[in-house]
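Student: I would like to go through this structure by asking how each statement about it is justified. Could you set the values against the definitions as we go?

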Amino acid sequence: MNVSTTNNPFCSVIPLSTPGIFAAKLLLPFGSALDPVGKRGAHDLLASLLSRGCGTFSNEAMADLVEGCGAGLRCDAHEDALTLSLRCTVDDADRLLPLLNAMVREPHLDQDQVDLERSLSIQAIQRQREDPFHLASLGWRQLAYGSGGYGHDPVGLEEDLQTIDRDDLVALAEQLPTGSCAFAVAGSLPPHFTSDLVAAAGFQDWPSALNQALPPSPGSDGAGITQTIQLQPMDTEQVVLMLGQAAVGHAHPDDLPLRLLQCHLGAGMSSLLFQRLREEHGVAYDVSAHFPALIGAAPFVLSASTASDRAGLTLKLLHEIWMELGTQLLCPEALALAKAKFIGQVAHGLQTCSQRAERSVQLQSMRLPEHHDQICIERLETLTAEDLNAAAQRWLSQPLLSLCGPASTLDTLSRQWQRP
Amino acid sequence: MELCHAVLTIPFSGPTLDTWTLPNGVHCVSASMPDAPLTCLDLWCRAGSSSEKAGEEGMAHFLEHMVFKGSAGLAPGAFDTAIEALGGSSNAATGFDDVHFHVLIPPERAEEALELLLELVLKPSLDADGFSTERDVVLEEIAQYADQPNEQVLQRLLSEGCGDHAYGRPILGTPSSLEAMDPEAMRRFHQRRYRGANCCLAIAGPSSDQLPAAVASSALMGLSPQMDPINSAAEVGVCPGRHEISLERLESSRLLMLWPAAPSREQGAVMGADLATTLLGEGRRSRLVHRLREELQIVENVSMDLSLLEQGSLITLEVICPEENLAVVEREIGNILREAADHPVSERELQRGVQLVSNGLRYALESTGQVSGLCASQQLWGRNQDLLAPLQLLQTWSAIELQTAIFPTLQPEQACVLIAR
């Protein structure tokens, strides 16, 4: 990987052989965790507007250009960042790459487009209420993070979106180039990308990044949490159960032992959740252990959905599995399997140009070295079952439960949960 | 902008393919992808839900689950543990036409993984205890789908539109059809469908001399060469009509339309249908999105898809909008569809569609999992060609031909329409 060292954005070039295509990712360290008070959803709304007109291109001219090249161009808001993504052919590189710069430096944010995107976001939020998994997940966020930055879905809240106006978005947009931004291209690349990517992308005159610290951890240390269960009644066939805790950020030394526990619990069909819930008891179809890579204290969450009459058993199994993490040592075979899965996950996550570019900008934004994954693989050898156990005791001792399903079943589960 | 005169060129080719056939008819294909971090081994079989007979509804998919419960030589769970201990992963999927089982594995361990995969899929033990537990899992899968209004609406559209054809039935089956099954019936289904010429093995990843040799001495050689006499599968037709339903827990209304399109083997016609759906429904400048979401602002979302199928492809349109807009949305859609049949699209619009379709295929050749899937489905159904070959057929479609041959078949009168509120 070649790295050209301008100050901002930090640029990486990753050549790969492809059928003549490449992917570019530009990460701006302003995500939904930084939504202003009472304006939850502002960064996501801003993200959706960046491709609706910038520089010399109107909304329609931009869509004509991008779609006319058969390309993909979008901007998404996550908890920690906005990410601009471009995917196109080598032939169109010079026409399309400069759009990324214009989207950040000269977005139009036209009033009619703001109104349209806000209305689409509100409708999407309403529609997501159809999905019991989504509701359980919102409930869990609320429980674990409250009014903290990770406490809401990036798309935001209907009542907040109603109050967000163009001025709010202009203020947020002005900040965008001042953060420590990261840029990466991966795939079949024109030669001038490799020699001078900054010029090819038009990034010459970006301001120096403010020497900011990483944003304060939006997570929670458990203090201030008074409730341990959240109920979302819904007239469904199944109950969705989510059990978890806000743990650590991706750069924390305990990220790796917890990631091994995630592999042990949820990676593949040999995982503990799959074996115990699905193979031994047949109580669920989908089971998962979720632990995203975030800057702040990331959720470590187990989830399953099951029929009402088996929900009590499913909750009991999930809770037992959780409590074992800090009280029982993984046997040597299970530890070796978890390590093999971790190495496998690294390879699985770097298969496409987009994945390669995304991982590059993500590591950069977290101030982690570009070979971080390799360092972790080397560190695996030294990790013992006791290390995993100790990490679980530090971070996974007070799980929080979110449920969505029929009210009567939730009542029963709630009593089961609160029994000492 | 110089888009008007852009000419599609394909300077890059897809991965180099090597194809061969085993004496018992098993199709084999390998795609060379030198830089791939993982090799994909992908076994496909013509054993999707449309190969089920009466009383077997849901069996193709249930069998896909049962395969992972172990074989003569692999205890339950042993396959997953072995593959995952090598740093690999596995999964499977059942469709209307076919089913496939795949493994992603570091290239140097591919031979071991191949042996495990073939043992698992070709010699399932279908043990009675595992059968009953796994049926509970499939029942949970059905319940999970039932809780997703999106899935329910789509299934309802297929049931209304495809009538008695297999494409109208849920792939998962129903609780009562599953309750009625036993391991013996499943074994008969397996023996009937998992035969030589019904199967295709695709390998995508860094080239290997050992893998083809391993295939030649593998369990694939033991498959029966006899074909299951094909119950002359009728092509799917779509019954035009208009249906209105109300669904609890629906937060926004849906308007869906279903049309028949050419079967996968008629590749030229399929590319025309792909182009037409792209012009109508893909991207902000497509006709439906532009008019309904951008100009009139009366819908939240528009999506239009072409599902490639052997017994006749299907085109679906799904529009999500507030209930009070349904009537005007339906009228506008009718106008847009008629306009497309009345006047040819502009050259510029045509080029936009061609670029979107052709780049879509190129983007689909990035990972070994995608490439093996494309290779296998082509070989399995008798299409031996370069993966980018269909792009040449795109060039044959002019604006006039689309106007006269495709758009007149995508009118409201020919559609099965479902309104859900």
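Student: What makes the five strands β7-β11-β8-β10-β9 of chain A an open sheet, and which strands stand at its edges?

Tutor: In this predicted model, 5 strands of chain A form an open sheet in the order β7-β11-β8-β10-β9, with mixed pairing. Strands, like helices, are DSSP runs numbered from the N terminus (E over at least two residues for a strand, H or I over at least four for a helix), and two strands pair if DSSP finds at least two bridges between them. β7 (229-233) and β9 (287-290) of chain A each have a single partner strand, so one side of each is left without a neighbour in the sheet, and these two stand at the edges. On average, neighbouring strands of this sheet are turned by 15 degrees against each other, direction ignored.

Student: How do you know that β8 and β11 of chain A pair, and in which sense?

Tutor: β8 (residues 238-246) and β11 (residues 400-405) of chain A share 5 bridges in the antiparallel sense, set against a requirement of at least two. One of the bridges links Met242(A) to its partner Ser402(A) in β11(A).

Student: What packs on this sheet, and at what angle?

Tutor: Helix α17 (residues 407-418) of chain A touches β7, β8 and β11 of chain A, and its direction makes about 170 degrees with that of β7(A). Helix α4 (residues 128-146) of chain B also packs on the sheet, touching β8 and β10 (299-307) of chain A at about 100 degrees to the direction of β10(A). The axes behind these angles are lines fitted to C-alpha atoms, for helices over the stretch in contact, and the angles run from 0 to 180 degrees between N-to-C directions. Two residues count as in contact if their C-beta atoms, placed from the backbone, lie within 7 Å.

Student: How many residues does each chain give to the contact between chains A and B, and what classes are found on the side of chain A?

Tutor: Chain A gives 55 residues and chain B gives 56. Among the elements that give two or more residues to the side of chain A are α2 (59-68), α4 (111-128) and α13 (332-348) of chain A. This side has 21 nonpolar, 21 polar and 13 charged residues, where Ala, Val, Leu, Ile, Met, Phe, Trp, Tyr, Cys and Pro count as nonpolar, Asp, Glu, Lys and Arg as charged, and the others, Gly among them, as polar.

Student: Why does the radius of gyration of chain A agree with that of a compact globule?

Tutor: The radius is taken over C-alpha atoms, and the globule rule is 2.2 Å times the number of residues to the power 0.38. For 420 residues a compact globule would have a radius near 22 Å, and chain A has 23 Å, which agrees. The C-alpha trace of chain A spans about 65 × 50 × 40 Å along its principal axes, and chain A holds 17 helices and 11 strands.

Student: Where do the two domains of chain B lie in the numbering, and which element of domain 1 gives the most to their contact?

Tutor: Domain 1 (15-222) and domain 2 (241-420) of chain B have bounds from an automatic or database domain assignment, and their C-alpha centres lie 29 Å apart. The contact takes 34 residues from domain 1 and 30 residues from domain 2 of chain B. On the side of domain 1, α5(B) gives the most, with 7 residues, and the residues of that side divide into 19 nonpolar, 9 polar and 6 charged.

Student: Why is β2(B) called largely enclosed, and how is it paired?

Tutor: A residue is buried if 20 or more other C-beta atoms lie within 10 Å of its own, exposed if 12 or fewer, and partly exposed in between, with C-beta atoms placed from the backbone. In β2(B), 5 of the 6 residues are buried, so the strand is largely enclosed by the rest of the structure. β2(B) runs antiparallel to β1(B), with 6 bridges, and parallel to β6(B), also with 6 bridges. Thr16(B) stands opposite Ser32(B) in β2(B), while Val29(B) has Ala202(B) in β6(B) as its bridge partner. The hairpin of β1(B) and β2(B) has 5 residues between the strands, and there Gly25(B) takes a positive phi near 95 degrees.

Student: What are the numbering and the confidence limits behind all this?

Tutor: Residues are numbered from 1 along each chain as its sequence is written, while chains are lettered from A and ligands numbered from 1 in the order in which they are written. Local features of this predicted model need pLDDT of at least 70 and side-chain atom pairs count only at pLDDT 80 or more, whereas totals for chains, interfaces and linings use all residues.
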